[in-house]
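Me: Got a minute to go through this one with me? I'd like to start inside and work outwards.

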Amino acid sequence: MNEFSKFFKKSKSERLGIIKKSTKLTQNELSYIHNQTTNNEFERANKMIENVIGTFSLPLGIATHFTVNNKNYIIPMVVEEPSIVAASSKAAKIANARGGFKARSGNQYSIGQVHIANCGDINKAIKQIVQNKKQILQLANSKTHTLSKINKGAKKISCRKITIDNNILLIVELLVDVGNAMGANITNSMCEAISSYLEKITGGKSILKILSNYSTSRMVTASAIFDKNKIGGSKTVNKIILAYKIAMNDEYRAVTHNKGIMNGIVSVANATCQDTRAIEAAAHAFASRTGRYLPLTNWTKNSNGDLIGVIELPLSVGTIGGVINIHPMAKLCLKILGITSAKTLSCIIASVGLAQNFAALYALVTDGIQKGHMKLHAKNIASAAGIKLENIDMIVSKMIQANDISIQKATSLQKQFCDYT
Ligand code: MEV
């Protein structure tokens with residue numbers, strides 16, 4: 001019998017025992033995985049995904065100095081890359097001189113799709129859907145008492161046609177006001193609930209019943225003014241605008257430009273347990289909406305010569321439901337933010353994305369990106385070389401001075417300067 005069969009039914013130790021037989025992991029390495037989680041944590045993780053053998057932690061940092069819509073926030077960020085948290089905080093501090101970030105998030109409508117083939121007369125099918133709109137919405141809303149009670153839930157229905165291999169396929173789209181939830185599950189349930197009725201009235205066959213992650217009915221924009229005198233004057237302002245224009249005109253640069261934005265967005269999304277894959281997919285689709293991949297931000301200057309940054313993107317986030325209710329760190333991170341509203345979370349996340357983009361462009365057109373990275377990189381190298389905590393700062397500055405950041409250098413400096421008696 002395959003040792004992985006019924007793996008999901010095995011205990012934590014049994015699962016790790018099987019991993020031991022099937023891999024080259026040592027007993028110490030397996031114990032490391034085992035001891036990363038308490039039994040409670042293991043059980044919680046085991047309810048979240050399948051075949052769990054442990055949990056995997058990432059650093060949780062705090063971005064400071066953020067003011068969004070005149071309110072101050074401490075912003076939790078979960079990410080493995082050095083400099084992101086510091087860069088966001090620095091950008092937020094500069095933005096504060098001109099009032100911080102102003103952000104606006106519109107409807108929180110998720111989009112559900114039912115794709116129907118073989119409708120025959122497609123226009124007749126659409127007419128049937130329009131005529132039975134009320135019943136369809138009622139059927140969809142029968143899946144949620146929670147949303148209906150607060151006057152949310154499925155609100156609108158619309159139809160589109162696409163042609164595949166000379167056949168017209170009907171897409172029925174449901175707009176669902178999901179309130180503070182991300183709403184994927186409820187949207188999917190609604191799509192499944194209405195599909196048989198749609199088949200009946202259109203005479204077609206439903207193929208897919210699923211939400212669309214291209215969340216264009218959950219748009220957010222944020223903007224900030226960066227005082228030219230705080231960033232090296234009009235020379236830097238012009239360089240940042242030119243850097244943005246390079247991204248506008250070169251897709252290879254635009255992808256990196258947007259990657260920097262996602263550094264901020266995904267870090268806050270991770271800390272609050274959002275679906276980061278959905279966020280990324282929607283952001284990149286939006287960046288490509290004209291047929292060319294473009295930057296998600298826009299940089300100009302005002303009549304005063306100060307730099308103005310604007311970001312706009314679809315952003316699907318929630319503050320209740322799903323894993324957010326289960327994951328203790330997500331709950332605590334939302335408490336650190338001090339928010340309950342998905343719209344506010346969306347405004348904060350977009351502001352962090354803009355801050356991150358400003359920080360990257362500012363660094364790129366001035367000192368370059370590596371200077372800030374080097375210290376943290378050197379710290380990582382020093383700790384990988386086994387340097388004791390109390391000696392790390394000293395070894396780091398000596399490695400930077402010597403322009404040699406390597407495990408060999410850290411080890412030789414340790415021999416030279418650290419007391420081992
Ligand atoms: C690194 O993670 C992100 C940057 O490359 C973004 C950019 O180049 O704009 C610095």
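Me: Where does Ala 355 sit?

Reply: Ala 355 is in helix H13. Bear in mind that this is a predicted model.

Me: Is Ala 355 buried or exposed?

Reply: Buried, with a relative accessible area of 0%.

Me: And what is Ala 355 in contact with, leaving aside neighbours within four places in sequence?

Reply: Phe 66, Ser 88, Ala 91 and Phe 101. There is also a long-range approach to Ala 87: the C-alpha atoms of Ala 355 and Ala 87 are separated by 7.9 Å, with their positions 268 residues apart along the chain.

Me: Nice. Let's switch to the rings. How many aromatic pairs are there?

Reply: The count comes to six aromatic pairs. One of them is Phe 66 with Phe 101, which is stacked, at 5.5 Å centre to centre and 20° between the planes.

Me: Which parts of the chain does that pair tie together?

Reply: Phe 66 lies in strand S1 (residues 60–68), while Phe 101 is in the loop between helix H4 (84–96) and strand S3 (102–105), so the pair ties together parts that are 35 residues apart in sequence.

Me: Are those two buried or exposed?

Reply: Phe 66 is buried at 0% relative accessible area, and Phe 101 counts as buried at 0% too. Both of these rings also turned up among the contacts of Ala 355.

Me: What about Phe 226 and Phe 358, why is that pair stacked?

Reply: Their ring centres are 3.9 Å apart and their planes meet at 5°, so the pair counts as stacked. This pair links distant parts of the chain, with Phe 226 in strand S8 (residues 219–226) and Phe 358 in helix H13 (residues 342–365), 132 residues apart.

Me: Buried or exposed, for those two?

Reply: Phe 226 is buried at 0% relative accessibility, and Phe 358 is buried with a relative accessible area of 1%.

Me: Which residues form one aromatic cluster with them?

Reply: Trp 299 and Tyr 362 join Phe 226 and Phe 358 in one aromatic cluster.

Me: OK, charges over rings. Where does the charged end of Arg 289 sit?

Reply: Over the ring of Phe 286, 3.8 Å from its centre. Lys 398 lies over the face of Phe 417, at 4.5 Å from the ring centre.

Me: Now Arg 15. Where is it, and which side chain of opposite charge is nearest?

Reply: Arg 15 is in helix H1 (residues 12–22). Arg 15 is buried yet has no salt bridge, and Glu 14, the nearest side chain of opposite charge, is 7.0 Å away.

Me: So what does the side chain of Arg 15 reach?

Reply: Two backbone oxygens: that of Lys 10 at 3.0 Å and that of Val 52 at 2.7 Å. Leaving aside neighbours within four places in sequence, Arg 15 is in contact with a set of residues including Phe 7, Phe 8, Phe 42, Asn 46 and Ile 53.

Me: Last topic, the whole chain. How many helices and strands?

Reply: The protein chain has 16 helices and 10 strands. Its C-alpha atoms fill a box of roughly 85 × 70 × 45 Å along the principal axes.

Me: And what share of the residues is buried?

Reply: Buried residues make up 46% of the 421 residues in the protein chain. As for contacts with a separation of 6 or more, 70% are between residues 24 or more positions apart.

Technical notes:
Residues numbered from 1 in each chain as written. Predicted model: local features only at pLDDT ≥ 70, side-chain atom pairs only at ≥ 80, totals over all residues. Heavy atoms only, no water. Helix = DSSP H or I, 4+ residues; strand = E, 2+ residues; numbered from the N terminus. Buried < 20%, exposed > 50% of the residue type's maximum accessible area, 1.4 Å probe, protein only. Lys, Arg positive; Asp, Glu negative; His and termini not counted. Salt bridge = Lys/Arg side-chain N within 4 Å of Asp/Glu carboxyl O. Polar contact = N/O pair within 3.5 Å; in protein donor to acceptor, adjacent residues only side chain to side chain. Contact = heavy atoms within 4.5 Å. Phe/Tyr/Trp six-rings, centres within 6.5 Å; stacked < 30°, edge-to-face > 60°. Lys NZ or Arg CZ within 6 Å of the ring centre and 35° of its normal.
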